[in-house]
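Colleague: Let us go through the terms used for this model. I will ask what stands behind each one.

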Amino acid sequence: MRKILVWFRNDLRVRDHEPLCKAAGKAEVIPYYCFDVRQFADIRYAFPKTGAFRTKFLLESVHNLGEEIAQRGGKLLVETGKPEERIPQLVATLGINAVYAHKEVTDEEIQVEEALEHALWRYKVPVEYFWGTTLYHLEDLPFPVKNLPEVFSDFRKEVERYVHVREPMPAPTRINVPPVMPPGRMPTLEQFGFAEPVHDERAVLAFRGGEPEALRRMQAYFWDNDQLQHYKHTRNGLIGADYSSKLAPWLSTGCISPRTIFWDVKRYERERLRNESTIHLITELMWRDFFRFIAKKHANKIFKAGGIKEAAVRFNGNPAHFERWRSGTTGYPFIDANMTEMMRTGYMSSRGRQNVASFLVRDLALNWVPGAAWFESQLLDYDPASNWGNWNYVAGVGNDPREGRHFNVVKQAREYDPEGEYVKRWLPQLRDLPPALVHTPWLLTASQRQQYGLTEECYPFPIIEPRGTPLARS
Ligand SMILES: Cc1cc2nc3c(=O)[nH]c(=O)nc-3n(C[C@H](O)[C@H](O)[C@H](O)COP(=O)(O)OP(=O)(O)OC[C@H]3O[C@@H](n4cnc5c(N)ncnc54)[C@H](O)[C@@H]3O)c2cc1C
């Protein structure tokens, strides 16, 4: 019987997984996952490429995938190393006839694909790729990727009008494995240099990796808590589990497919209601697609300071300010609270991300690339196309049709956190400040500082002169 190795990547699920489905229907299957050492050891900056939260989430997701596969009679083989070196060895020792995998779009992943194809060429074993990470299938787009519109609304109009979202594929009921399989070995957090991250009670959610967890989250947000119908009006929230779906970490690891979410939204629209919120959630999934197709179109330009525009960029800020931004000690409470939340939990709201990114680029006038790398390290939901695509956008070197967009972070803080509840949650040293001052502690007079017990040691003065609200001098 033919043997097919199914190489799992950012697609850690058994439902709506075309390579697994196709392989299980016609061959003995070796389901395979390789923890790529470069994703953990590659330290370009003074922080790890993959931080503790995402590493833990990934370990849980792979563990869960193993269980899902075992329930269907299969066995997930887990190794640590370089896929392009490990897979050819398995091909040679197990007599594998083909490798099936989902196609990726970003530079590092493509380099691995090319190296693997090169290594397998010796054995005359083909790698067959499938498209399965977006809502809209690549082959269904009404334009070739090289002609992809650069403005999101143009992309959206075209795909909405012409493209049908394919139905998700059911999980295979049976996965046959070859009689002899190598044992493999699941790595531990400690092996990647991390202790178990401490769960912070203030976290929006106790995220756990894995396909069943993704399905549970969707069930809770859409059906049990019935929050989907309010999404459009709550999505700019900052506190709690239900202001947005929080599905991103599972989407990024592929524990759930966007098509599965789309069709559950459609069911919700049939069985409960269809309104601007249900439509808006789908629009957000389109943003995700948009950045993925943009990454495919522009290849590694999204990782460069000049972005997809190949802009000539100059940064004249103070490089020492980067560390203050990163550590959440800028003296701007809204920035510091968001950066602290990300560091302590691996998550930050969409509103927060837009503000801290804009602050780094527009207010501190610093290179955004290390900022995006810090997000890569910290975010549970890190996704190369979404992260670098959004950073391109905010930095003005990507797909924002408006030139020079600049968030006024104090105005934003007052609008989205009017009582200061969010900043006080993450910066408890500000808890006694009245709402009118909590976002601008630099306006406190010396006597007010004393009254609220706010010394320079417990909260810093702003690292740059605030716009429009200058420092109190008394
Ligand atoms: C600077 C910056 C960096 C970002 N980095 C990432 C990243 O690494 N990974 C990531 O998944 N998202 C990223 N985003 C997009 C967005 O902030 C998150 O997807 C969202 O906050 C995740 O929370 P949620 O699942 O509750 O989203 P919801 O609001 O519930 O949205 C549903 C889903 O739509 C998708 N989505 C929503 N907004 C966007 C967007 N702007 N771009 C792409 N997809 C979107 C996500 O998959 C999300 O899970 C970034 C945004 C900015 C401004």
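Modeller: 27 residues surround the ligand, the closest being Tyr-231, Ser-244, Ser-245, Lys-246 and Asp-381. This is a predicted model: local features need pLDDT of at least 70, side-chain atom pairs count only at pLDDT 80 or more, and totals for chains, interfaces and linings use all residues. Residues are numbered from 1 along each chain as its sequence is written, and side-chain values use heavy atoms, with hydrogens and water left out.

Colleague: What makes a residue near the ligand?

Modeller: One of its heavy atoms must lie within 4 Å of the molecule.

Colleague: Why is the pair of Lys-246 and the ligand called a polar contact?

Modeller: A polar contact is a pair of N or O atoms within 3.5 Å. A backbone N or O atom of Lys-246 lies 2.6 Å from a ligand oxygen, so the pair qualifies. For Tyr-347, a polar side-chain atom lies 2.9 Å from a ligand oxygen.

Colleague: How much of the ligand is covered?

Modeller: The protein covers 96% of the 820 Å² of accessible area that the ligand has on its own, by the Shrake-Rupley method with a 1.4 Å probe.

Colleague: Which helix gives the most to the shell?

Modeller: H11, with five residues. Helices are DSSP runs (H or I, at least four residues), and strands are runs of E (at least two).

Colleague: Why are S4 and S5 called paired?

Modeller: DSSP must find at least two bridges between them. S4 (residues 98–102) and S5 (residues 127–130) have four, in the parallel sense, so they pair.

Definitions and conventions: A polar contact is a pair of N or O atoms within 3.5 Å; within protein, one must be able to donate a hydrogen and the other to accept it, and residues adjacent in sequence count only if both atoms are side-chain atoms.
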